[in-house]
Amino acid sequence: MPAYLIISLSILTATAAVIGAAILFIRGYTDGLGRAESDLANLALALQERTDSVFQSIESVLRDVVGRIPQESLRADEFDRFAASKASKTILVEACHSLPHIIRIDLVNARGRIIGSSNPHLIFDPIYVNDASYCRAFSMDASLVLYLSEPIRIPATGKRVLSLARKIKDADGKFLGIIVSTVDLSQFERIYEDHLRARSLAITLYRRDGIILAHSPNAKRAVGHRIWKPNTPLQRMIAKNSPTLIRDVSRIDNNERLVALYPLANYPCGIAVSRAVAELMAGRRLEARLIGFIAYLMDIAIGTASLLGFRHVRTGILRAASESYLSRHDILTKLPNRQLFLDELKRTFLASQRSGADFALHIIDIGRFKDINDSYGHVAGDEILRAVARRLRERLKKNDFIARIGGDEFAIIQRPIRDRQQITDLITAIQDAMKVPCTAVSTEIDVGLSIGVAVASSDGRTSTELMKSADIALYEAKSNTGSGHRLYDANIKDSRAERRALEGALKSALENKELELHYQPILDLATNQIWGCEALVRWKHPTKGMISPLQFIPAAEESGLIGSIGDWILEEACSTAMAWVLPLKVAVNLSPVQFKCRDVFASVRKALTISGLPAHRLVLEITESVKLTEEATTTLKRLKALGVAISLDDFGTGYASMSYLRSFPFDKIKIDQSFVRGMTDSPDSRAIIKATIGLANDLKMSTTAEGVETEEQLNALRLAGASQAQGYLIAKPMPHESVAAFIADVQRTQQNSWDEQFPMRAIA
């Protein structure tokens, strides 16, 4: 067959496929097919949240069991004995019965032997599970903490189950064993079956490697197999591990399906919700005729190509067209995505340079979007995104281009523009559009936008520079709560660039010993003696001098350096306190990020071991920004059991101080300095301090008032019943050499009777 004929047929086939696909998408995304896609995505998201919640509840049970293991039993020589005890059996049985999803819970030691179980039957002979996938996984990957197994069928009952296993570490942080829950998969299938509305709808829980864990309907045909066929778009999209919508041929029923994929947020698996394309296309006569005609042309091409050994031409082209469209558009808002936007921005920039026509780039950010998600749920967040996208699109002219370029970020290319007034007019139109609250989950929510604008002719020599300029303007707009928008100006400083430079310098600061601790003494008001000191970190930069913690601590938290810095602070503070001539206490602040990136218990235990400091002399201070999750609460309880005191810092400045006190039995409340400063002039501040001290007394907690600067404040705090006072009146923060001399001086004066010979004013 002549080569030109093959080429012609290929071009004809590809052209027909693209035209058909284009018509299908253009029409489909504006009527029934678009609604079907949205419904699939919404259902997948809802089931993702529900499934994630189920796994979290199971994991919480496992964490609770581990948290109830006595500290002394978290050693290799004691773990086996405790796991086999009656107390352990009671804990495991209670935990197993706490959730209907859990069939049994086992404790497995580091050698792979089951040493404790919720199973009512006694274990007479040793049972080893070294061949279980979770044992192999933990032995091969030392960093692995949680493992989700493949599904298996229990022959005796016929139930399909999987294992959710969590590593247990000993008191020194080393691998001690595994706690394993056997989970009934039928519980998930019942949840999914409740949502099977459409005839061809299918819901699948898959592991990240493609193994199907649960499936509705017809679970028996699917569970244990892979959801994808090798080297298909579905396999590639699952590997990307991000929400998406895709068309592919199902391995389960061999039908072409529209599939919404949503990975779970906290576990290595995801939800796939799909419907048969044939069902979605039912009744769509125009598209059906077009597709039939395309298929007829393709059949001719396929018949010809088959003679030369080419196969799957039609399927490949359709898949390619579908995948190309979906990979360049946002599923939720139907807007172009970041990749398509960047391509369009480059084209517009080059065209602007050739023609001389100017254009503006607007980058738009939704204010408090995380708070909306946290307060109303992700379903509400998605509705807000769709509403904002619709309102923005309605304010644009024909030649303008809009895209969703991030989680809550949109970009508009306004083209062409003659003057700055056009930019201002569009900004005004957008802001006017958002004056009406958005309705989500039957609730009216006020949504504000921040807008940063850059102009092509003046604010960037390339499309990348223009993007950066608009981004800097947006950041400035978000920092300025006034107008909500900002046009780029070369005089605007990019504070984020300064932050990145700060992070870079901070990496070497710890190694170069540029960080140091200062210590501020705390006075016990009952005895009029020094109770202890709070350790405060300082950064002595070689060229910039002293850098405030308010600058570098946020940078350390964002960069993840707070983990190693926090460990150093703990070790340095404990070692310094151990060298004092008086057995005073030392207080150390913990960042909320430390609870996420570090094993805080292991860090504290290591610091105490290295220094030799008794645990009762260490006080750890946290604020409400430390979320009291199950894991964080368990860590704090273990620290208290060790003898370390836990203090709630900045009390009264957060949003949920009272409920926070109910969540954990703190040893101390620190009254924020803003109330202390205002107590002499403000009746409200005095009332808050008095109420806080009364509350602490009722809860058997002590109180420390911060920011004490005058005798009047100190006397008022004594009358109110505060336990301790801290501030410049007592002493300023000082380096470790100075505080050691201060404490030695205190020791001498105490020996000569503090109250008579060394009144309070002498140490101010």
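Is Phe 666 buried or exposed, and what is its relative accessible area? In this predicted model, Phe 666 is buried, with a relative accessible area of 3%.

**Figure 1. Aromatic pair of Phe 349 and Phe 359.** By the pairing rule applied here, the model holds six aromatic pairs. In the pair shown, the ring centres of Phe 349 and Phe 359 are 6.2 Å apart and the planes stand at 90 degrees, so the arrangement is edge-to-face. Phe 349 belongs to helix α12 (residues 338–355) and Phe 359 to strand β12 (residues 358–366), so the contact ties together parts that are 10 residues apart in sequence. Phe 349 counts as buried at 6% relative accessibility, and Phe 359 counts as buried at 1%.

**Figure 2. Aromatic pair of Phe 664 and Phe 666.** The two rings meet edge-to-face, with 5.2 Å from centre to centre and 75 degrees between the planes. Phe 664 has a relative accessible area of 1% and is buried. Its partner, Phe 666, is buried at 3%.

**Figure 3. Aromatic cluster of Phe 55, Phe 188 and Tyr 267.** The view shows these residues, Phe 55, Phe 188 and Tyr 267, which form one aromatic cluster.

**Figure 4. Charge of Arg 638 over the ring of Phe 601.** The charged end of Arg 638 is placed over the Phe 601 ring, at 3.9 Å from the ring centre.

**Figure 5. Lys 668 over the face of Trp 531.** Here the aromatic partner is Trp 531, and Lys 668 lies over its face, 3.7 Å from the ring centre.

Key
Residues numbered from 1 in each chain as written. Predicted model: local features only at pLDDT ≥ 70, side-chain atom pairs only at ≥ 80, totals over all residues. Heavy atoms only, no water. Phe/Tyr/Trp six-rings, centres within 6.5 Å; stacked < 30°, edge-to-face > 60°. Helix = DSSP H or I, 4+ residues; strand = E, 2+ residues; numbered from the N terminus. Buried < 20%, exposed > 50% of the residue type's maximum accessible area, 1.4 Å probe, protein only. Lys NZ or Arg CZ within 6 Å of the ring centre and 35° of its normal.
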